[in-house]
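Let's take a walk through this protein together, from its charged pairs to its nonpolar interior and a few backbone oddities. Keep the structure open beside you as you read.

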Amino acid sequence: MAFREPCDNTFSNNINNAIPYAPLLDSTVVAEPPQRRRRRRSSSVVLLLMTGLLGVALIFAVVRFGIRHNEIGSRSSSLETRRPAEMIVPADRGVAEGVSLKTFGRLRGARAYSWTNNMLAWQRTAFHFQPRKNWMNDPNGPVYYKGWYHFFYQYNPFGAVWGNIAWGHAVSRDLIHWRHLPIAMVPDHWYDINGVWTGSATILKDGQLVMLYTGSTNESVQVQNLAYPADPSDPLLVDWIKYPGNPVLVPPHGVGPKDFRDPTTAWLTPQGKWRFTIGSKVNKTGISLVYDTKDFKTFELLDGVLHAVPGTGMWECVDFYPVSRVMENGLDTSDNGPGVKHAVKTSLDDDRNDYYALGTYDGTTGKWTPDNPNIDVGIGLRYDYGIFYASKTFYDQEKKRRVLWGWIKETDSEAADIQKGWASLQAIPRTIVFDKKTGSNVLLWPVEEVERLRVNRKVFHKVKAKPGSVVSLDVGSTSQLDIMAEFEVDQEALSRINGTNTTYSCTTSNGAAQRGALGPFGILVHTDNDLTEQTPIYFYISKDSLGNLKTFFCADHSRSSEATDVNKAIYGSIVPVLKGEKLSVRILWLRHLL
């Protein structure tokens with residue numbers, strides 16, 4: 001993971017024994033035989049240097065994460081007991097309903113891998129957020145309320161494929177240890193019978209909480225609905241009421257019935273109204289519609305849009321928030337002023353990536369202007385250059401920070417998802433701050449609470465790696481690692497190397513197998529001693545004929561698994577390295593647990 005660019009006394013006591021993120025599987029699951037598990041078990045971490053560099057020094061720290069094995073109970077939802085006798089799995093789910101493709105499908109030319117249930121169960125995630133079973137996608141309305149972080153998410157109670165979308169719900173004191181609560185909302189009215197889709201929470205001036213969310217109607221029309229807690233005094237927000245007057249918004253004139261979704265958190269205008277935006281498109285131009293309201297029941301559509309970018313297609317999961325140019329703290333969504341920039345982020349339906357840009361927001365007109373049109377929303381910066389989509393931020397008023405959540409779609413085949421019984425997870429929550437050095441982007445970093453999982457520490461100081469070598473660093477047996485490394489390239493050797501006009505790209509070049517004078521070098525995470533499965537996470541430096549340098553940071557999954565029904569793409573992009581900065585990386589790495 002490289003970055004620049006979600007009471008009573010009994011529950012309070014129990015939460016301290018909560019396991020990180022999703023509970024482990026039932027302990028009665030039979031372990032996979034050792035001879036089959038060996039290929040996929042963590043044995044060590046290896047420093048990778050496959051390059052012609054004349055010298056490199058490394059300061060390297062490895063921290064092991066601890067796991068608590070206490071199982072936490074929660075009330076089961078009545079919805080989960082009404083499982084259909086047989087679930088039909090349609091192809092290309094989501095497209096017909098007017099949302100993005102929600103499956104990888106069968107990889108072209110790939111044969112089904114001979115997975116066993118025990119092999120799949122062993123791959124259960126260890127500390128990323130994940131429900132106990134079934135399908136999960138977009139994060140919804142994360143919010144801090146009465147001492148608890150609440151995380152809602154798109155959830156299929158009936159299986160490990162997209163469909164029957166309801167709102168899962170979990171709570172935490174620290175964004176690390178979670179308790180799963182009953183399903184918050186289910187598709188049970190004509191205005192959301194085809195799915196309780198993405199929404200956002202807004203805390204009103206009097207402390208009340210309201211939730212706007214997209215519903216897919218009985219005719220698959222996307223409408224906006226209002227929901228609120230049945231008991232606002234309940235810190236766990238277990239029960240929810242849908243407003244009897246739903247839907248509160250329908251697609252406006254000129255907007256397609258399936259192109260109107262995902263309302264943002266609302267912010268206050270200078271006139272004292274609440275304002276929010278909704279993603280849409282007109283032909284191939286992605287747009288964000290803007291609405292004002294006083295009571296979240298009646299609304300005024302503003303003239304024009306918050307922003308629009310031709311050629312970007314449908315904007316999903318739009319996010320809008322301020323960042324301070326002078327403070328390290330995050331800002332409430334309603335904050336504005338001379339020391340504030342505003343970010344607009346969208347999830348592009350066409351290419352399944354999250355893009356953002358910084359700019360200036362005019363609270364009077366409701367318009368946002370990018371600082372640099374060349375890196376406008378959808379054509380420039382991304383939060384993440386791996387698998388990361390449908391992200392949403394919230395303001396944590398307890399710690400004065402803005403926290404980012406994002407959905408990670410696993411790349412297993414659909415058949416494997418159904419066999420193992422779950423699909424998808426959420427990325428580690430990250431804080432967002434303005435990058436004062438560049439002034440053009442934000443900086444992301446895992447929330448500080450992640451560091452509470454550290455139990456052991458090992459340091460490897462000034463490791464020398466010769467050109468083309470692989471240096472083994474023994475960290476012992478472990479299931480989770482927090483790896484921090486700094487690389488120092490021999491500057492004399494760097495200056496002697498002649499530049500070329502050869503281009504390099506993480507995604508289109510030959511991954512870590514493409515060797516040059518300046519790369520690749522980095523960390524090789526492997527799962528067996530003979531390296532039949534390995535995932536290089538590496539830097540690559542290119543030098544053109546004029547002596548200009550570009551630094552790339554990549555993750556090569558092409559040899560990460562022997563399985564044939566797994567998507568094994570190579571991810572990454574250019575990483576700006578400013579004068580005086582070191583080549584450093586932090587990797588939150590997990591091995592799945594039984």
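The paragraphs below begin with salt bridges, move on to the cores and strands, and end with the backbone.

Please bear in mind that this is a predicted model. Its salt bridges number 28 in total, and a good one to start with is the pair Arg 275 and Asp 292, whose closest N and O atoms are 2.7 Å apart. Arg 275 belongs to strand β12 (residues 274-282) and Asp 292 to strand β13 (residues 285-293), so this bridge ties together parts that are 17 residues apart in sequence. Both Arg 275 and Asp 292 are buried.

Now turn to Glu 581 and Lys 437, another salt bridge, with 3.3 Å between the closest N and O atoms. Glu 581 sits in the loop between β33 (570-574) and β34 (583-590), while Lys 437 sits in the loop between β25 (430-434) and β26 (442-446); the pair therefore links parts that are 144 residues apart in sequence. How accessible are these two partners, Glu 581 and Lys 437? Glu 581 is partly exposed, at 23% relative accessible area, whereas Lys 437 is exposed, at 60%.

A third bridge can be found within one helix. The side chains of Arg 496 and Glu 492 meet at 3.1 Å, N to O, and both residues lie in helix α6 (residues 491-496), where four residues, about one turn of the helix, separate them. Arg 496 is partly exposed, with a relative accessible area of 49%, and Glu 492 counts as exposed at 54%. Elsewhere, salt bridges with shared partners connect Asp 396, Lys 399, Arg 401, Glu 448 and Glu 449 into one network.

Let's go to the interior next. In soluble globular proteins, nonpolar side chains tend to be buried together. Here the largest nonpolar core has 40 residues, and the members that touch the most others are Phe 129, Trp 178, Tyr 383, Trp 405, Ile 432 and Val 442. Which residues does Ile 432 touch, if we leave out those up to four places away in sequence? They are Tyr 321, Val 323, Tyr 383, Thr 393, Arg 402, Leu 404, Val 442, Leu 443 and Leu 444. Apart from this core lies another, of 24 residues, including Leu 481, Ala 485, Leu 518 and Val 525.

Strand β13 deserves a second look, for Ser 288 is found there. Ser 288 is buried, at 0% relative accessibility, and its contacts beyond four places in sequence are Thr 277, Ile 278, Val 305, Leu 306, His 307, Trp 315 and Val 318. From here you can step to strand β16 (residues 315-324), in which 10 of 10 residues are buried. Eight bridges join β16 to strand β17 (residues 340-348), and the two run antiparallel. Trp 315 stands opposite Leu 348 in β17.

Finally, follow the backbone. Most residues other than glycine have a negative phi, and most peptide bonds are trans. The bond from Asn 246 to Pro 247 is cis, with omega near 0 degrees, and Pro 247 is in the loop between β10 (240-242) and β11 (267-268). Another cis peptide bond joins Gly 519 and Pro 520, with omega about 5 degrees. As for phi, Arg 352 has a positive value of about 65 degrees; Arg 352 is partly exposed, at 21% relative accessibility. Ser 424 also has a positive phi, of about 85 degrees, but Ser 424 is buried, with a relative accessible area of 1%.

How values were computed. Residues numbered from 1 in each chain as written. Predicted model: local features only at pLDDT ≥ 70, side-chain atom pairs only at ≥ 80, totals over all residues. Heavy atoms only, no water. Salt bridge = Lys/Arg side-chain N within 4 Å of Asp/Glu carboxyl O. Buried < 20%, exposed > 50% of the residue type's maximum accessible area, 1.4 Å probe, protein only. Core = buried A, V, L, I, M, F, W, Y, C linked by side-chain atoms within 4.5 Å. Contact = heavy atoms within 4.5 Å. Pairing = 2+ DSSP bridges.
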